[in-house]
Amino acid sequence: MKKLTRKFLSILLVVIILLSPSFVFASEQYPEDYLSISPWAIRNLHDGQMMGLLAITNENLTKDYTDVVSSGDILILNENLRTKLDGLLIEKNKNFIPVDVPDNSTRLAVVLSLYNILGVYDKSINEFTEPIDYLVENNILLGKESEYNLDDLATMEEAITFYVRGVTNTYYDNDLGGKGIFYKIQNNGNTVYLFGSIHVGDFSMYPLEKTRMAAFNESDVLMVELNLLDPKTIDEVNKYQFRNDGTKLVDDLGPELYKKVKTIMNEYQVPEKILENMETWALLNTLITLPIQLDNPQTSALGIDNYFLTQAALNDMEIIPLETVEMQMNILKDYYSKRNENLVDAIKIALEELKSEDSKNKIVREIKELQKIWSEGREKDLAKSFSEEASSQVLVSTRDPLMAENIKNLLEKNTNKTYFVVVGAGHYAPENSILYYLEKSGFEVENLND
């Protein structure tokens, strides 16, 4: 399984994998009357989900976020915030003395609860610090003309917004946040930011690093491999992963192996109606991803591409795909079909590994290590992770020149626009990547990695 695992890690750096869908706050995913959220708060609630402050659950999709925040909600926010900040390598403020918090749901009670947690991680706070002044100065508490309505009851969306700002401020003050790999090219009045992503994520990656987010926020256009917010794109992807020629998966696997696959998929609650029509290569892809899905069911919703796509949709930002579904799916099929001597044998190996807790844990550990490398922006280690598996070059050999050509065309246009290009880090990190082709075309690539 080591070979299969290494290949899967390579895929995470270059190909969008469609895992189990998770619910996120995206303006065009649900009817306007489905969610009770003020328009101004949607982006903050989405950030709260990605940071781990707000659980990604069906229950949270039916809440009225304009309602008054409950004491239970505040306790949950406090617990999630402590968990997140405790995971950071920040020296604690041992001299911090908590302030008294009113026993109610006012805006004052919420922001003071937040202050009592932030104070543990901010050594700039001392006995002379005025909590409200601190919150205002750090853009956590906003108001007009010194009116902060502290006696008003706080809504759930207001509370989450305060906590999201608090997390963001702590990360930015300590130069933290998911970094990935990051480059910039300017030409003919145009600016292109090149951001290398990873397609499965976790809460620790968010918020993203300050300069990366600033570049995104100043951009006019988001460019991605595929626009997975577009229902037509999803339909196209499914057409490649599921057969419609009258054959069934059992025809490829045989009854005995199919029965074993069905048993495993039942454990993961995959309906047989879906299983029986899977393409064989898509089944292998699914089997390899099952451990990470089990460890973190939201891993695809927390992917970097998904984050930027949702933020772009919320900002009414233009989204342009760099590739077609046909190109990416055919390359992925080729990767599995030709680079494994026998797909059926590979599926047998994957099934055996799924029975082993040690093997499943190993896969999860390796993925978490890759996510850590990505978050810390370790450019050379990302290149190494990709380059160690020689067969993974099939994933980029035809794609990188075409992506580079599309980016070259942007840079040569007379549009005076700023583009934020998000593709898997494996398209930038190794030698002979997109960067190589752009430099070969005469563009100067500025490395923005620390």
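Start by selecting helix α6: its 18 residues reach 26 Å from first C-alpha to last, close to the 26 Å expected at 1.5 Å a residue. The expected span is 1.5 Å times one less than the number of residues. Helices (H or I, at least four residues) and strands (E, at least two) are DSSP runs, numbered from the N terminus.

This is a predicted model, in which local features need pLDDT of at least 70, side-chain atom pairs count only at pLDDT 80 or more, and totals for chains, interfaces and linings use all residues. Residues are numbered from 1 along each chain as its sequence is written, and side-chain values use heavy atoms, leaving out hydrogens and water.

**Stop 1: α6 and its end**

Color α6 by burial. Of its 18 residues, 15 are buried. Buried means under 20% relative accessible area, exposed over 50%, and partly exposed in between (1.4 Å probe, protein chains only).

Now step past the helix to Asp 175. Asp 175 follows α6 and has a positive phi, near 55 degrees. It is not a glycine. Asp 175 sits in the loop between α6 and β1 (181–187). Its relative accessible area is 46%, so it counts as partly exposed.

**Stop 2: the hairpin and β2**

Select β1 and β2 together. They form a hairpin with two residues between them. In the turn, pick Asn 188: its phi is positive, about 55 degrees. The two strands pair in the antiparallel sense over seven bridges. Two strands pair if DSSP finds at least two bridges between them. For one bridge, label Ile 181 and its partner in β2, Gly 196.

Add β5 (residues 418–424). Seven bridges join β5 to β2, and these strands run parallel. Label Val 192 and its bridge partner in β5, Tyr 419.

How many residues of β2 are buried? Eight of the eight are, so β2 is largely enclosed by the rest of the structure. Both faces are covered. Asn 190, Val 192, Leu 194 and Gly 196 lie on one side, with Thr 191, Tyr 193, Phe 195 and Ser 197 on the other.

**Stop 3: the nonpolar cores**

Keep Leu 194 selected. Leu 194, Leu 222, Phe 308 and Phe 420 touch the most other members of the largest nonpolar core, which has 92 residues. The largest share of this core, eight residues, comes from helix α6 (residues 156–173). A nonpolar core is a set of buried Ala, Val, Leu, Ile, Met, Phe, Trp, Tyr and Cys residues joined through side-chain atoms within 4.5 Å.

Show what surrounds Leu 194. Beyond its neighbours within four places in sequence, its contacts (heavy atoms within 4.5 Å) include Ile 181, Phe 182, Ile 407, Val 421 and Leu 438.

Then switch to the second, separate core of 35 residues. Leu 253, Tyr 258, Leu 351 and Phe 386 are among its members.

**Stop 4: a cis peptide**

Go to the loop between β2 (190–197) and α7 (210–217) and pick Pro 207. The peptide bond from Tyr 206 to Pro 207 is cis, with omega near 0 degrees.

**Stop 5: salt bridges**

Side chains of opposite charge can pair when their charged atoms come close. Here a salt bridge is a side-chain nitrogen of Lys or Arg within 4 Å of a carboxyl oxygen of Asp or Glu. The count comes to 19.

Select Arg 212 and Glu 209. Their closest N and O atoms are 3.1 Å apart. Buried or exposed? Arg 212 is buried at 1% relative accessible area, and Glu 209 is buried at 5%.

Next, Arg 243 and Asp 252 meet at 3.0 Å, N to O. Arg 243 is buried at 8%, whereas Asp 252 is partly exposed at 38%.

Then take Arg 378 and Glu 369, bridged at 3.8 Å. Arg 378 is partly exposed at 26%, and Glu 369 is partly exposed at 36%. Extend the selection to Lys 372, Glu 376 and Asp 381: with Glu 369 and Arg 378 they are linked in a network of salt bridges.

**Stop 6: Asp 316**

Jump to the loop between α13 (304–314) and β4 (318–321), where Asp 316 lies. Its phi is positive, near 55 degrees, in a residue other than glycine. Asp 316 is exposed, at 72% relative accessibility.

**Last stop: the whole chain**

Zoom out. The chain has 19 helices and six strands. Of its 450 residues, 56% count as buried. Among contacts between residues at least 6 apart in sequence, 83% join residues at least 24 apart.
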